[in-house]
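Q: Please take a close look at the surroundings of the ligand in this model, and describe them in one connected account.

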Amino acid sequence: MAFEGLSEKLNHVFKKLKSRGKLSESDVKDAMREVRMALLEADVSYKVVKDFVAKVSQRCVGEEVLSSLTPAQQVVKIVNDELIALMGNDNARINMPSKPPCVIMMCGLQGSGKTTHAAKLAKYLKREGHRPLLVACDIYRPAAINQLMVVGEKAGVKVFEMGQIDPVVISTQAMRYAKDYGHDVVILDTAGRLHIDEKLMDELKQIKAKVEPNEIMLVVDAMTGQDAVNVAKAFDEALGIDSVLMSKLDSDTRGGAALSVLAVTGKPIKFVGMGEKLDEFERFHPERMASRILG
Ligand code: GDP
C-alpha cells in the first residue's frame, strides 16, 4: 500500500519531537530535514518537496507553535494541513453538465490501467444512479475491444463498439447512440501507446475537437512514480487534461506520484484504483490520504 515507508518515517520524526516537550527553532529545523528526506525517499518531486518543507518550516517556527504547550502536536497539525493542500483542498468531482450526456474521455499510456478503470468508473457512476455507456475507441488492438466488452459485462454496463474503424467516427456515433438510448454518461476508452507520440496526441486531439468532452481524465500508473507525473505534465501540455485517475495505488509502496501530481500539473486526482477488481476503486480524498500518511 502507498505511503508505508513515508508514514513510518514521519511518525518516527514526530515521536522524537513529542519526547522533547518544549521545542527550539533548531529542533524544528532538524525535524524538517528528516521530513525532507522522508518525502524524497517516497519519490515526491524535488521541487515539490522543497516548496512543501519551506512552507511547513515557516509556519512551524512561528510564535504560536514554539510557545504552545503542545508544540509537537502543532507541528503534526501543520504537516497534516499542508499535505492536504498538496493533494487538493476541495474534493474534486466530475463536472456533470446540465444537459446530458456527460462525455468523459479516458486517456493514458498502454498498461496504465485505462481499460480496467473505464469499467471501474462506469460501475461507480452506475451505482450513483447514472446510465453510463462505455465506448471502445482503442482500435489498434482487437484484444483491447474484447477486453472492454468483458469488463463492461462484469460492470453491467453497455459497451458500444464498431470494430477497428476511425475512432473519431466511433465516438460521434456513440454520442448519437447515447442520446437515442438515454445514456447520461459516455466514457470513451481511447487508445494507449507505449510512449507519448505525435500520432497518439493527434488522434486524441481530433476526438476532443469532435465530441468536446466534459472531462478529459488521464489514467496514470502510481507504480511508475515520477514518470507518472511527467506523463501527466506531457499530456496536459499537448492535449489539456482536466483530472487524473491514479491506478495501482495498492502496488505502490512510496506514494510520491500521488503527492506530486497536483503541484506539478495543477490538475487534481479525482479517483484512485486500488486493485484489479472492479470494486477496488474510490474517489480520491486528500484528507483521508493525509491521515493515512500520518496514521
Ligand atoms: P490499459 O492498457 O491501460 O488499458 O491497461 P489495463 O486496464 O489492461 O491494465 C493493465 C494491467 O494492470 C492489467 O493486468 C490490470 O489487471 C492491471 N491493473 C489495472 N488497474 C490496477 C490496479 O488498480 N491495481 C493493480 N494491482 N493492478 C491493476
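A: **The ligand and its shell**

In this predicted model, a polar backbone atom of K248 lies 3.0 Å from an oxygen atom of the ligand. Taken alone, the ligand exposes 580 Å², and 79% of that area is buried by the protein. Backbone atoms also take part at S112, where a backbone N or O atom is 3.2 Å from an oxygen atom of the ligand, whereas at T115 the partner is an N or O atom in the side chain, placed 2.8 Å from a ligand oxygen atom.

Around the ligand there are 18 residues, and those that come nearest are G111, K114, T115, T116 and E276. T115 thus appears both in this nearest group and with its side-chain polar contact to the ligand. Sorted by class, the shell consists of eleven polar, five charged and two nonpolar residues. In terms of secondary structure, the element that gives the most to the shell is helix 6, which covers residues 114-127 and supplies five residues.

As for the setting of this site, the protein has twelve helices and eight strands, and its C-alpha trace spans about 70 × 35 × 30 Å along the principal axes. Of the 295 residues in the protein, 54% are buried, and among contacts with a separation of 6 or more, 77% join residues that are 24 or more positions apart. The accessible surface of the protein comes to about 13,500 Å², with carbon and sulfur atoms accounting for 50% of it.

Definitions and conventions. Residues numbered from 1 in each chain as written. Predicted model: local features only at pLDDT ≥ 70, side-chain atom pairs only at ≥ 80, totals over all residues. Heavy atoms only, no water. Near = heavy atom within 4 Å. Polar contact = N/O pair within 3.5 Å; in protein donor to acceptor, adjacent residues only side chain to side chain. Areas by Shrake-Rupley, 256 points an atom, 1.4 Å probe, with all protein chains shown as cover. Helix = DSSP H or I, 4+ residues; strand = E, 2+ residues; numbered from the N terminus. Nonpolar A, V, L, I, M, F, W, Y, C, P; charged D, E, K, R; others polar. Buried < 20%, exposed > 50% of the residue type's maximum accessible area, 1.4 Å probe, protein only. Contact = heavy atoms within 4.5 Å.
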